[in-house]
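Here are my notes on this structure, set out as numbered points for you to check against the coordinates. I begin with strand pairing and then turn to the cores and the pockets.

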Amino acid sequence: MKVVLFCGGYGMRMREGASDDVPKPMAMVGPRPLIWHVMRYYAHFGHKEFVLCLGYGAHHIKDFFLNYEETTSNDFVLRGGRTELLSADIADWTITFAQTGIESPIGERLRRVRHHLDGDEMFLANYADVLTDAPLPQMIDSFARRDAGASMMVVPPQSSFHCVDLGEDGLVGGITPVSDLPLWENGGYFVLRQEVFDHIPENGDLVADGCAQLAKRGRLVAHRHRGFWKPTDTVKERAALDAAYTRGERPWAVWERGGAGAPAGVSA
């Protein structure tokens, strides 16, 4: 299945200074940028046709792949001054680079690459800045059996704040961590059918417009994931992932485990 990645936003909360024009998916986690980790995840499960929805800082993404250095993350032999790779990352990937506008909402970016999907009934989509160990084959199979237009992965609330049960007299009846509430957040991993395009207007949004309209029609399903899931909305979150990578704690790197088995912690 083709994978559409939205990687054209400004990522203002990830910016480290006025001169920093690197788009969020190009923030580094270990020796590779976020977008590589996301793509490597999909490729591990056999989905190696990518459509990149470019916008702000597109040249950084293009340059990374045009000048890709396989020796950074693969073993090799240097023989007679020539490099002999023992394995490769992206040799069998197909990547379409599509400029979808600097200010375009995500729904509009998706609309602008529809012709690159070749009319495929189902395809995958992702924000390109969230890492997870979710079992992708299970997510796809579950959706394929459903009569629905879209599936979104949902995760428990990530906030560390507490909700306060407050009476009109000002007395607090209880305090509950947000993460313990019976709520779910959009996890940013989508399985979509062409039907979604019927509900995204020009300059519309994938979730607020497309998914919301499908939900009203009973055509949106959710895949609950309680395993590893980490966003990178801020410099602090990206730094935490980078530190975890350095310590060898990278549960999102399912390709390092061997095989394509599904981790635990998921229900549909």
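1. In this predicted model, Met122 stands opposite Arg193 in strand E13. The pairing to which these residues belong joins strand E8 to E13 in the antiparallel sense, over 5 bridges. E8 also pairs with strand E1, here in the parallel sense and over 3 bridges, and Leu5 is found opposite Asn126 of E8.

2. How many of the residues of E8 are buried? The strand covers residues 122-126, and 5 of the 5 are buried, so E8 is largely enclosed by the rest of the structure. Met122, Leu124 and Asn126 point one way from the strand, whereas Phe123 and Ala125 point the other way, and all are buried.

3. Glu49, which lies in strand E4 (residues 49-54), deserves a separate remark. Its relative accessibility is 39%, and because buried means under 20% and exposed means over 50%, Glu49 counts as partly exposed. Leaving aside residues up to four places away in sequence, Glu49 touches Met1, Lys2, Val3 and Thr94. The C-alpha atoms of Glu49 and Asn126 are separated by 13 Å, with the two positions 77 residues apart along the chain.

4. On the cores, it helps to recall that in soluble globular proteins nonpolar side chains tend to be buried together. The largest nonpolar core of this model has 49 residues, and those with the most contacts inside it are Leu5, Ile35, Tyr41, Tyr42, Leu52, Phe65 and Trp252. Helix H1 (residues 34-44) gives the most to this core, with 8 residues. A second, separate core has 22 residues and includes Phe6, Ala98, Phe123 and Tyr127.

5. Which residues does Tyr41 touch, not counting residues up to four places away in sequence? They are Thr132, Ala134, Pro135, Leu136, Tyr189, Trp252, Val254 and Trp255. Among these, Trp252 is, with Tyr41, one of the residues with the most contacts inside the largest nonpolar core.

6. The largest pocket holds about 440 Å³ of space. It is lined by 22 residues, and Phe6, Lys24, Ile106, Tyr127 and Asp129 are the closest to its centre. Two of these names, Phe6 and Tyr127, also appear in the second, separate core. At least two lining residues are supplied by each of strand E1 (2-7), helix H3 (106-112), strand E13 (185-193) and strand E15 (229-231), and the largest share, 3 residues, comes from E13. By class, the lining of this pocket divides into 11 nonpolar, 7 polar and 4 charged residues.

7. The second largest pocket, with about 350 Å³ of space, has a lining of 15 residues, of which Gln158, Trp229, Lys230, Pro231 and Glu237 lie nearest its centre. Both E15 and helix H6 (235-247) supply at least two residues of this lining, with the largest share, 4 residues, coming from H6. The lining of the second largest pocket divides into 7 nonpolar, 3 polar and 5 charged residues. E15 is therefore a strand to examine for both pockets, because it supplies at least two lining residues to the largest pocket and at least two to the second largest pocket, where a strand is a DSSP run.

Note on methods
Residues are numbered from 1 along each chain as its sequence is written. This is a predicted model: local features need pLDDT of at least 70, side-chain atom pairs count only at pLDDT 80 or more; totals for chains, interfaces and linings use all residues. Side-chain values use heavy atoms; hydrogens and water are left out. On a 1 Å grid over the protein atoms alone, a cavity is a set of points where a 1.4 Å probe fits but cannot get out, and a pocket is an open set with protein on both sides within 12 Å along at least five of seven lines; lining residues have an atom within 4 Å of a point. Grid points are joined across faces, edges and corners, and a volume is the space filled by probe spheres set on the points. Ala, Val, Leu, Ile, Met, Phe, Trp, Tyr, Cys and Pro count as nonpolar, Asp, Glu, Lys and Arg as charged, and the others, Gly among them, as polar. A nonpolar core is a set of buried Ala, Val, Leu, Ile, Met, Phe, Trp, Tyr and Cys residues joined through side-chain atoms within 4.5 Å. Buried means under 20% relative accessible area, exposed over 50%, partly exposed in between (1.4 Å probe, protein chains only). Contact means heavy atoms within 4.5 Å. Two strands pair if DSSP finds at least two bridges between them.
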